[in-house]
Amino acid sequence: MHVTEDDLLKFALETCDDAEAQAIGEHVAACDECRERLALLRRDIAIIAGVQPEAERIPLPFRSYRPSVWRAAMRMAAVLLVGFVGGLAVSRWVCRCPVTVVPQYGASAARAIAASPQAVTPAPPVDLAATSQ
Amino acid sequence: MVYPKGTYEVSDDWRDLDQARHGDEAAWRRLMERHLSRLVALALMMTGSPEFAQDAAQEAFVRLLKANPAPEQGTLRGYLTTIVYHLALKENRRSARQQNVENSSLEDDSPSALESMVRSEREWLVVGAIRALDDAQRTALVLRFYGEHTYEEIAALTGVPLGTVKSRLFYAVKQCREWLKEKGVFKECM
Ligand SMILES: [Zn+2]
């Protein structure tokens with residue numbers, strides 16, 4: 001006994017319960033005629049579901065509204081601002097604390113060595129922080 | 001699946017939306033390519049108005065871009081469909097009110113606009129068959145085939161039990177097939 005047209009349609013639409021679906025599936029797998037009927041039914045459904053109207057595509061709206069571009073610009077502006085203000089502050093601080101370089105040669109060097117005999121090794125590289133103390 | 005579905009991943013939609021929001025025209029076109037036609041079909045079949053269908057589908061895309069929904073909220077496909085569905089319901093209420101006032105003909109389809117939108121005679125007949133269904137059956141069919149919603153989603157969207165949604169779809173397709181057989185679109189094959 002073949003599957004009724006209604007049951008085949010329910011099967012194709014996947015609206016029957018699991019037990020029905022299994023029974024119909026088993027019959028269809030074994031029956032060429034019902035398999036052919038199911039294929040035609042599915043073709044009909046594809047036609048009913050397949051209308052593709054011509055539609056006018058619209059361009060991307062809000063061309064000026066591009067969040068990432070804005071965000072990137074704001075980030076760059078912030079970096080520049082921080083850099084500028086930071087640079088200004090550092091330059092002012094450096095001006096207030098001039099580096100004094102102690103001569104390490106000639107008489108004064110000899111005097112310094114005489115004053116601290118352990119300092120016979122060459123002077124270490126000038127440390128800006130230490131020198132400005 | 002029993003009906004043709006897009007051969008793309010759900011994540012492609014979200015990636016393209018993100019890129020479109022960053023000004024990527026190509027990503028925007030891909031989203032339109034995937035969804036615009038079926039959304040126009042959905043609105044056209046729900047309301048019968050080609051002009052409204054075009055506007056509603058485009059508006060859904062603009063709203064999508066503005067709202068920028070999160071992927072956790074569901075699929076982008078479902079998001080677009082739901083917007084168009086609600087716009088179509090609103091349009092049907094509006095045109096029903098207008099028709100009551102004007103006492104005009106029920107048929108306000110504009111043939112020339114429809115002809116330019118639906119190309120083949122077969123598709124034209126399919127639109128006619130779907131339009132000939134009662135509202136409840138038509139809604140179930142359109143949300144399933146053109147909204148690409150699951151039966152559970154349709155039940156939630158229309159506020160009817162799952163079994164009712166399935167039975168409405170079954171009768172909708174059955175009736176469309178009868179109608180299209182009469183018009184000679186489908187061969188008698190059973
Ligand atoms: Zn059989």
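User: In this predicted model, is Thr81(B) buried or exposed?
Analyst: In this predicted model, the place of Thr81(B) is within helix H4 of chain B, which covers residues 76-102. Because a residue counts as buried when its relative accessible area is under 20%, and Thr81(B) has a relative accessible area of 0%, the label for Thr81(B) is buried.

User: With which side chain does the side chain of Thr81(B) make a polar contact?
Analyst: Leaving aside neighbours within four places in sequence, Thr81(B) is in contact with several residues of chain B, including Leu39(B), Leu42(B), Leu143(B), Gly147(B) and His149(B). A polar contact of 3.0 Å also links the side chain of Thr81(B) to a side chain in chain B, and the partner is Arg38(B).

User: Which protein donors hold the zinc ion, and what is the arrangement of the four donor atoms?
Analyst: The donors are His2(A) through ND1, His27(A) through NE2, and Cys31(A) and Cys34(A) through SG, lying 2.0 to 2.3 Å from the zinc ion. Four donors count as tetrahedral if all angles lie between 85 and 135 degrees. The four donor atoms here subtend angles of 98 to 127° around the zinc ion, so the arrangement is tetrahedral.

User: How many residues apart in sequence are the parts that the pair His2(A) and His27(A) ties together?
Analyst: Along the chain, the donors of the zinc ion follow the spacing H-x24-H-x3-C-x2-C. His2(A) lies in the segment before helix H1 (5-13) of chain A, whereas His27(A) lies in helix H2 (residues 18-30) of chain A, so the parts that this pair ties together are separated in sequence by 25 residues.

User: What relative accessible area does His2(A) have, and what is the relative accessibility of His27(A)?
Analyst: Partly exposed residues fall between the 20% and 50% limits of relative accessible area. Both histidines count as partly exposed, His2(A) with a relative accessible area of 39% and His27(A) with a relative accessibility of 23%.

User: Which three residues of chain A supply more of the area that chain A buries against chain B than any other three?
Analyst: The contact takes 37 residues from chain A and 50 residues from chain B, and the two chains bury about 4,200 Å² between them, 64% of it on carbon and sulfur atoms. Of the area that chain A buries against chain B, 17% is supplied by Ile48(A), Val51(A) and Leu60(A).

User: Where in chain A is confidence lowest, and where is it highest?
Analyst: The predictor gives the complex an ipTM of 0.87 and a pTM of 0.73. Chain B has a mean pLDDT of 88, with 89% of its residues at 70 or more, while chain A has a mean pLDDT of 76, with 57% of its residues at 70 or more. Within chain A, confidence is lowest, at a mean of 50, in helix H6 (residues 128-132), and highest, at 97, in H1(A).

User: What phi values do Asn68(B) and Glu148(B) have?
Analyst: Asn68(B), which is partly exposed at a relative accessible area of 37%, is in the loop between helix H3 (50-67) and H4 of chain B. Glu148(B), which counts as buried at 11% relative accessibility, is in the loop between helix H7 (135-145) and helix H8 (151-158) of chain B. Although neither is a glycine, each has a positive phi, near 45° for Asn68(B) and about 55° for Glu148(B).

Definitions and conventions
Residues numbered from 1 in each chain as written. Chains lettered and ligands numbered in written order. Predicted model: local features only at pLDDT ≥ 70, side-chain atom pairs only at ≥ 80, totals over all residues. Heavy atoms only, no water. Donors = N, O, S within 2.8 Å, 3.2 Å for Na, K, Ca; no water. Tetrahedral: all angles 85-135°; square planar, octahedral: opposite > 155°, others 65-115°. Helix = DSSP H or I, 4+ residues; strand = E, 2+ residues; numbered from the N terminus. Buried < 20%, exposed > 50% of the residue type's maximum accessible area, 1.4 Å probe, protein only. Polar contact = N/O pair within 3.5 Å; in protein donor to acceptor, adjacent residues only side chain to side chain. Contact = heavy atoms within 4.5 Å. pLDDT = per-residue confidence, 0-100. Buried area = accessible area lost by both parts, 1.4 Å probe.
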